[in-house]
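Hi,

Here is the structure I promised to send over. Have a look at it first, and my notes follow underneath.

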Amino acid sequence: MAPQKRVRYDEDEEATTVESASSALRTGSLNKRARLSSAHSASESRQQSASPSSESESDEELPDAIEDNGQEAPPTTQYESIRDADWRHLANPDLDDAIAEKRILAKNRRVGENRASENAIIEEITCYNFMCHTRLNCKLGPLINFVVGMNGSGKSAVLTAITLCLGGKAAATNRGASLKSLIKEGTESAKLEIRLKNEGNDAYQPDIYGKSIIIERHFSKTGSSGFKLKNHAGRIISSKKGDVDDLVEYYQLQVDNPMNVLTQDAAKSFITASTPAQKYKFFVEGVQLEALNNDYKIVLDTCEQIDTRLQDSIDDIKLLKKKLDDAQAKHKAVNERNEMKSELRRLGGKHAWSQVRDQEVKLAEIDQKLADHQQQINDAEARVTEKDENFQKAEDLLTRHKDACTQLQDELPALKEEEEKARSVHETATKDVAAIHTQHKIISDDLKSALKSVKAVQDAIKAEEKRLEDANGGVHAQKVQDLAEAKETLENAKAEFLRSEEARPQLEENLRSASATARNLETPLQQRTEEFNNAKTKLTHLDSNQGDQLAGFERAMAGVLQIIQNDRGFREKPVGPVGLHIKLLQPKWSNAIESKMGAALSGFVVTSKPDQLRLSDILRKNKMGWCPVSIVNGPPLDLSGNEPDPQYDTIYRVMSIDNELVKRQLIIGYAIEQTILIESRSQAISVMYDGPRPRNVRQCFAMHDSKRGFGHQLSFGPRNSRELAPIHPPKGRPKMRTDRASQINNQREIVDHLERQKKTLADEYERARQEAGRCKAAIQQHIKENKTLKIACQKAEAKVEDIEGDLQNLGGDDGQLDSLKQELESAEKQKAICEDAYGGASLEKQHQNSLSTEKKRALDASRARVVELEAQILKARDKVNRTEKVRNHCLSAKNLAVESLEDLEYKKIQIEDERTAQAKSIAEDFVVQAEKYGPRVQLGPGDTTKALEKRCESLHSQLSAYERAQGGTDQEIHEAAIEALNIFRNAKRQRKGLEELLSLLKQSFVDRMEQFRKFQRHISARSRISFSYLLSERAFRGKLTIDHKAKLLDVHVEPDETSRSGKGRQTKTLSGGEKSFSSICLLLSLWEAMGAPLRCLDEFDVFMDDVNRDVSTKMIISAARKAVGRQFILITPKALGAGIGKADDVRITKLLDPRLNQKQIDEMIQRQRDGEAGD
């Protein structure tokens, strides 16, 4: 539904209630022609053919306007007589003009600065392939717009685009016979776009369109045409023309109004050559008098049609009254025969209740069948429970064996890796030993050769010295002695330096050992710190959750328990979680018991298979499907004779279980009565494995010797073999109830124990780090001492060189001694090198031999451990295989029992469905039908269903004969009477509604006629006074004559105000400029009387001289400024006068000269010749 058309207010505070010519009153079957004479009908037909129909979807070309200067025929219809009322409302034009003049003067005093409207303003127009333009864009201001340009620049195309894009017809533009004639040559389609401002309180659907609305119209040469409405962002909102019409109607844009958008041809005709009759026609169309007149004709025609229908309905009501009387007479006759119907109803009731009795007998038979089947189900459930217990035992045993096997297999890769590393290290050591042996032999041979060379040279030197001593006396001998002492000092320094070098590897080994010790302590320290933090967190939870029994369970557990509590579909309420029904009397065993029971403490116990399935479904929906649901039945177990010696604690003895089903489940599934608890690991091993096997003992839990919270599980394997498995602390909070204070004390002891262990490891780690620091310091000190010894060696070598130089200076020989000494020095150096190499090789040989022996022992140990572990794995796998066979056998037996139970339950469901269907059939079909006859009646021995049915059929046949005789059944006659009464009442109600509607329409018509006459008088006076004031702008005098009776509008103008004649001259006697100026004044006076927000005029000044053109332009601007908030679009081919475009409310848009794209003929010929020469 289109939004209500908004009311526009003029500046004089008086609402203008001009209705659009597209009113809904002129649609539908009520559009009846007024009764006219033949002469008036011809004139009316000519007028109708001159304007496009509002209902037509095609754009046809308008014929030329018909000039008619003669007098119109007098009113010949009842409507015109009522409308005109002898023209009494126009009898005092002078008084009307005085009132209008007073209002205009008051308005002129109140009018302030011109301001832009917040909506209904065209912001931009864009044309594509339209007329002769590929793309034409024109941006407009919100108030006064002058579009200036040469011929062909697109001025008139702007107004044509406004008319077409806002829903107007192509024929109304006088630019083409149809839309496709406006498409540019060489193109197949055209598109027009208008951006409309949409702001303010009375904006059009601002939540959908935003601050502006884009209206797009596209059409093609094939004849197709369409519209699009877009929001400010360009998103398409609608593609319906009706929505465009609603928008145009809301803002009262009136693009088809010839006075609102005055095209070029219409402007020329109106300004230069229009007759009084044509001017009057422009006037009544522009101010909407013609639209109002057509609407009120339709109202009067509607009244006449309703009156005709009221006259026709009198005979119809009389006929309906007669039919009602006949139907009521038949209904009265039917009601007189009741005794036979009462007897039939009594027999019908007994017949219906006899059928209920037959069905109740069948229901009792089904109940007996259901009871027998339930007993079979109970027996099958007991078998399932027994098979399930056997399977659970085998499953638990298989799990323990698999865990043990997995643990052994997890240890094997590490041992394999250790063996491989030992083998690799041993092979490397063996290769190193062989290499060092070869090197040692080579060095030994080199040392022997060097010793022989030194001995030979020393003997030669002694002989030479003796010879020289005999020749030179004792000085040479003293130098020789000093040289010997210096060499001895040098040898001692070298020996000390060598010992220092040999001590360095030991210092580095000490550092490596200390660092390795520190690294080896890091992991245990981190593990102990993590255990300490976990234990401390657990202690904190115990302190903070003392009142919350579900603190140890998952968060969803509370919700599951609430669902179970509210669920009425269980045969017996499930018991659980299991941990909630156990109180641990000795909290020190909490870790061991909770670790081994695991998820069972979060499980539930039920007594039947349906309850198990129902609860499992609830757990799955709450993401707790891992919680086990066990079926437990039977009386409490007798444990006498099945428990271990009383001197041992068992899991059962350190627990207090408040539910027999939970107790039975734990005894069957976890053998809690035969699991003994011994704190000491050595004592547990002694009890379990030293001597005969303890009576009634399956396994034993013991605590770890040093790790608080950890433990051991001791049990027996095949052929009473020993099995020992670790017990790790459970993750999460305790699930079993216990004495909170004792549990907190026990946990606090664990925390203290772990804290002491952590502190001990921390102290050891710190000592190892300190030892590593001391080793590093010793190495640094050794480096310093080594440097000192190296300097001493260098000084000793320098002293030897000095003494040798002195001996050379003594001379006296032939150089033989020096040569021998140099040879000796070279031989001694070679000897020292060989000795050093020999000593190092000997040490390295010894080291490599010991290292190879050590690596061989490590390799043998690794191989032994791998072999031992592989043997254990084979045994464990064999045990798993044998246990798995037992488990599969138990599972098959259990599955068979479950399948048998499911078959029985399925059959039970079928029987229950049969019983439900039978009971439902009795309650909803038979009992309901029987209760229609009344409460249940007592049936005698002879009241069988067949006998009662025969008696009912007999009575029913008699009643049917009566009904055939009366022409229908009693129900049909009763319904016919009711229908006749309703039809009669509806007819009277409809007649009364038409009478009320006719009264309202007549009153509305009278009121509208009065308003029409007031509006006709007001708009005429306002136009006359406005025309006079506008003429005075150029010192003209004149008069606007509006003859509504003769349908003429004429203008009398006197250009010279000094003329004594007050009548003025007709426009035919005026000059061209004066005529154009007076026509502009007339147009502005009519515009001032209109309420549309948009006013367009094409080439208003084409026939004016410069003086009249300048005056007219300024007058139009002045009038536009008084029409506050209106948008004016004025087309002119000429440039405007100086100063007009400087005002803020005036925008001048200059379109491009089309000649800029044209070329001169000689230039075109020259370019063609250049092109031919290039070819």
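Before the notes, a word on burial: I call a residue buried under 20% relative accessible area, exposed over 50%, and partly exposed in between (1.4 Å probe, protein chains only). Keep in mind that this is a predicted model, where local features need pLDDT of at least 70 and side-chain atom pairs count only at pLDDT 80 or more, while totals for chains, interfaces and linings use all residues. Residues are numbered from 1 along each chain as its sequence is written, and side-chain values use heavy atoms, with hydrogens and water left out.

First, the overall picture. The protein chain has 1175 residues, 41% of them buried. Its secondary structure comes to 23 helices and 26 strands; helices (H or I, at least four residues) and strands (E, at least two) are DSSP runs, numbered from the N terminus. Among contacts in the chain with a separation of 6 or more, 77% are between residues 24 or more positions apart, a contact being heavy atoms within 4.5 Å. The accessible surface is about 64700 Å², and carbon and sulfur atoms hold 49% of that. Those areas come from the Shrake-Rupley method with a 1.4 Å probe, and for residues only the protein chains shown count as cover.

Now the salt bridges. I take one to be a side-chain nitrogen of Lys or Arg within 4 Å of a carboxyl oxygen of Asp or Glu. The whole structure has 29 of them, and three pairs caught my eye.

Glutamate 395 and arginine 887 meet through their side chains at 2.7 Å, N to O. This pair links distant parts of the chain, with glutamate 395 in helix H10 (residues 339-472) and arginine 887 in helix H18 (residues 816-931), 492 residues apart. Glutamate 395 counts as partly exposed, at 24% relative accessibility.

Arginine 83 and aspartate 84 also form a salt bridge, with their closest N and O atoms 2.8 Å apart. Arginine 83 is buried at 12% relative accessibility, and aspartate 84 is buried too, with a relative accessible area of 5%.

Then there is aspartate 617 with lysine 621, whose closest N and O atoms are 3.3 Å apart. Why are these two separated by about one helical turn? Because they sit four residues apart in helix H14 (residues 609-621). As a reminder, an α-helix has 3.6 residues a turn, so residues three or four places apart point the same way. Aspartate 617 is partly exposed at 30% relative accessibility, whereas lysine 621 is exposed at 65%. The pair belongs to a network of salt bridges that links Asp617, Arg620 and Lys621.

On to surface charge. Lys393, Arg400, Lys596 and Arg698 gather in a patch of positive charge on the surface. Patches are made of residues with over 30% relative accessible area and no salt bridge, like charges being joined within 9 Å and nonpolar side chains (Val, Leu, Ile, Met, Phe, Trp, Tyr) within 5 Å. Lys and Arg count as positive and Asp and Glu as negative, with His and the chain ends not counted; the place of a charge is NZ of Lys, CZ of Arg, CG of Asp or CD of Glu.

One member of the patch, lysine 596, lies in helix H13 (residues 590-597) and is partly exposed, with a relative accessible area of 33%. Asparagine 591 lies in H13 as well, but this residue is buried at 12%. Leaving out residues up to four places away in sequence, asparagine 591 touches Lys538, Gly709, Pro730 and Ile750.

Finally, some backbone details. The peptide bond from glycine 576 to proline 577 is cis, with omega near -5°, and proline 577 is found in the loop between helix H12 (557-566) and strand S11 (582-584). Methionine 131 is not a glycine, yet has a positive phi of about 55°; look for it in the loop between strand S3 (119-130) and strand S4 (133-139). Glutamine 205, also not a glycine, has a positive phi of about 45° and lies in the loop between strand S6 (189-198) and helix H5 (206-209). Helix H6 (residues 241-251) has Val244, Asp246, Leu247, Val248, Tyr250 and Tyr251 buried, and is followed by glutamine 252 with a positive phi near 55°.

Cheers
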